[in-house]
Amino acid sequence: MAAPRHAIDWEALSLRLIFGALAAIAIVFLVGPTLIMLLTSFTASQSLKFPPDGLSLRWYLALLDADQMQAAAWNSLVVAFWTTVLSVVLGTAAALGIARGRSALARACDVLFMSPLLLPALAFGFAALIFIHKLGFSPNIPFLVLGHVVVCVPFVLRTTIAALSQLDPALLDASYSLGGGRLMTFRRVTLPLIAPGLGAGAFLAFMASFDNVPVSLFLADERTEMLPIHLWQQIETNLDVRTAAVSGLIVMFTLLLMLLAERLAGLTRQMR
Amino acid sequence: MTSSPTALLLPLAALFVAFFLAPLMVLLALSLSADTAGTSLTAANYLKFFTDRFNYSILWDTLLLGVKATLVCLVFGYPIAWICARASARWQSVLVFLVILPILTSVVVRTFAWIVILGRQGVLNQVALALRITQEPLRLLYTEPGVIMVLAQVQMPLMVLPILAVLTKIDPNLADASRVLGAGEWRTLWRVTLPLSLPGVIAGCILTYSACVTAFVTQTLIGGARLIYMPLHIYQQAIGANNWPFAAAISVIFMIAVLAAVALLTLIGRKSETYGGA
């Protein structure tokens with residue numbers, strides 16, 4: 001059933017057109033909302049209307065006096081920092097164990113460590129709260145960080161294991177045969193080679209922790225307000241334009257970090 | 001000469017046993033008890049869930065919501081991955097950057113952006129009114145179609161990235177061979193590319209589905225208080241009603257349901273791998 005030549009061309013064209021149109025819609029759909037929100041945050045008026053009535057920086061300047069939001073942002077940054085540090089240290093060690101281990105234990109650990117990505121984080125947050133209560137403790141920052149590590153460490157593991165699997169074992173053998181010890185080989189050979197993967201994973205873990213709601217909802221104590229929860233409550237109760245300004249700052253901050261991560265670690269390559 | 005792999009696993013394994021598995025066990029135990037102190041063993045919480053229409057319809061709605069949002073992600077996500085896989089290295093980086101931009105931007109912020117768009121005086125209603133598509137402002141916030149649309153946007157990257165990973169690994173000679181043998185572009189897509197990329201599609205579906213059903217922030221902000229899905233139900237029972245044993249039972253039921261869906265998709269994925277021969 002050989003089709004005439006012009007029919008084949010038409011078919012190729014129709015596929016490109018339909019797929020191109022769907023992809024174009026999807027890209028607009030992916031990027032558009034964030035752009036619209038960013039522009040809205042520069043509004044000069046009291047309402048969140050798009051297009052904004054005039055542009056100004058007044059809502060960004062208003063953030064200078066927003067003590068509650070500043071405190072929440074600081075808490076979130078501190079928790080995200082410690083979560084990232086712990087995730088990188090524990091995650092790198094575990095990634096080495098999983099990538100080198102062929103045992104059933106290593107494979108079981110791989111599944112276990114990745115499962116927080118699939119399980120409902122809110123159910124885990126609640127379970128952790130019950131657990132802490134049963135032990136006779138109250139929620140506090142160290143518990144919150146541990147909870148964040150559980151849900152953020154999969155990001156470090158995934159990119160680091162991928163980087164390790166591309167590491168040529170001959171390089172390690174060369175280092176050992178030249179008299180390099182385990183620690184020296186790790187520091188001078190393995191670490192520099194997996195650094196981009198590790199860096200991308202650390203970046204993802206940091207962003208995931210900074211943005212976490214379901215775990216923080218249960219494990220943050222009453223006095224410690226976290227930024228995403230504060231924003232979530234603000235959006236649910238009263239739509240304050242300052243919320244848009246904070247959101248705008250988060251978007252710009254994220255974009256800056258992403259460009260940096262792309263430069264330093266080749267983020268888009270690590271994510272594929 | 002390599003260092004012992006098992007020892008390296010231990011620190012994280014210890015954390016997961018102490019602060020992931022142990023809490024889940026405590027959750028399971030509490031779901032089987034009558035009160036928070038956990039004195040007596042009972043199945044009452046589970047019976048209450050499955051005999052009350054209000055409860056089990058929330059579970060059903062949540063699982064269905066995930067299916068709908070995942071399908072939207074697939075319909076739009078596959079073409080992005082397909083075009084991305086064919087683009088030059090430079091364009092590929094740009095496209096991947098645009099795809100991962102939303103996933104790294106805070107979910108709260110992204111959902112908030114949609115409120116500006118979907119509200120009564122939002123962008124979408126202004127356009128619809130200007131084009132005279134509708135006389136009255138459309139109600140998009142606090143409706144299920146609204147939740148599906150926003151979930152699709154928020155979780156789309158989880159669909160695109162695994163598909164792209166598989167598509168870039170497929171030998172381009174296979175598609176060429178199909179065309180040389182007289183199959184058109186659509187037939188090649190349907191009979192060659194799509195079957196070979198099924199493992200990526202399944203992986204994408206698993207990630208997207210589990211993310212959509214558990215997306216607490218998006219579900220609550222776009223769905224409002226009237227559209228209740230499982231995560232909000234757990235939160236309301238745990239914090240609002242302070243009924244911990246029942247909230248624990250809902251959590252266990254929800255986790256098992258999500259795991260069952262993931263297992264089903266994995267099974268389909270295994271089947272598809274033998275079928276696709278990849």
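**Exercise 1. Work out why B:Leu232 counts as buried, and place this residue in its surroundings.**

Solution. Start with the count: B:Leu232 is buried because 20 other C-beta atoms lie within 10 Å. The cut-offs are 20 or more such atoms within 10 Å for buried, 12 or fewer for exposed, and partly exposed in between, with C-beta atoms placed from the backbone.

A word on the model before we go on. It is predicted, so local features need pLDDT of at least 70 and side-chain atom pairs count only at pLDDT 80 or more, while totals for chains, interfaces and linings use all residues. Residues are numbered from 1 along each chain as its sequence is written, with chains lettered from A and ligands numbered from 1 in the order in which they are written.

Next, the element: B:Leu232 belongs to helix α11 (residues 230-240) of chain B. Helices are DSSP runs (H or I, at least four residues) and strands likewise (E, at least two), numbered from the N terminus.

Now the partners. Setting aside neighbours within four places in sequence, B:Leu232 is in contact with B:Phe216, B:Gln219 and B:Thr220; contact asks for C-beta atoms, placed from the backbone, within 7 Å. B:Thr220 is 12 residues away along the chain, and its C-alpha atom is separated from that of B:Leu232 by 6.9 Å.

**Exercise 2. Describe the make-up of chain B.**

Solution. Count the elements: chain B has 12 helices and 0 strands. Then take burial: 48% of its 278 residues count as buried. Finally, look at contacts between residues at least 6 apart in sequence: in chain B, 72% of them join residues at least 24 apart.

**Exercise 3. Find what chain B brings to its contact with chain A.**

Solution. First, the totals: 77 residues come from chain B and 75 residues from chain A. On the chain B side, helix α1 (residues 5-31) gives the largest share, 17 residues. By class, that side holds 61 nonpolar, 14 polar and 2 charged residues. Here Ala, Val, Leu, Ile, Met, Phe, Trp, Tyr, Cys and Pro are nonpolar, Asp, Glu, Lys and Arg charged, and the others, Gly among them, polar.

For a close-up, pick A:Ala127: beyond neighbours within four places in sequence, A:Ala127 is in contact with B:Pro23, B:Leu24, B:Val26, B:Leu27 and B:Ser251.

Notes
Contact = placed C-beta atoms within 7 Å.
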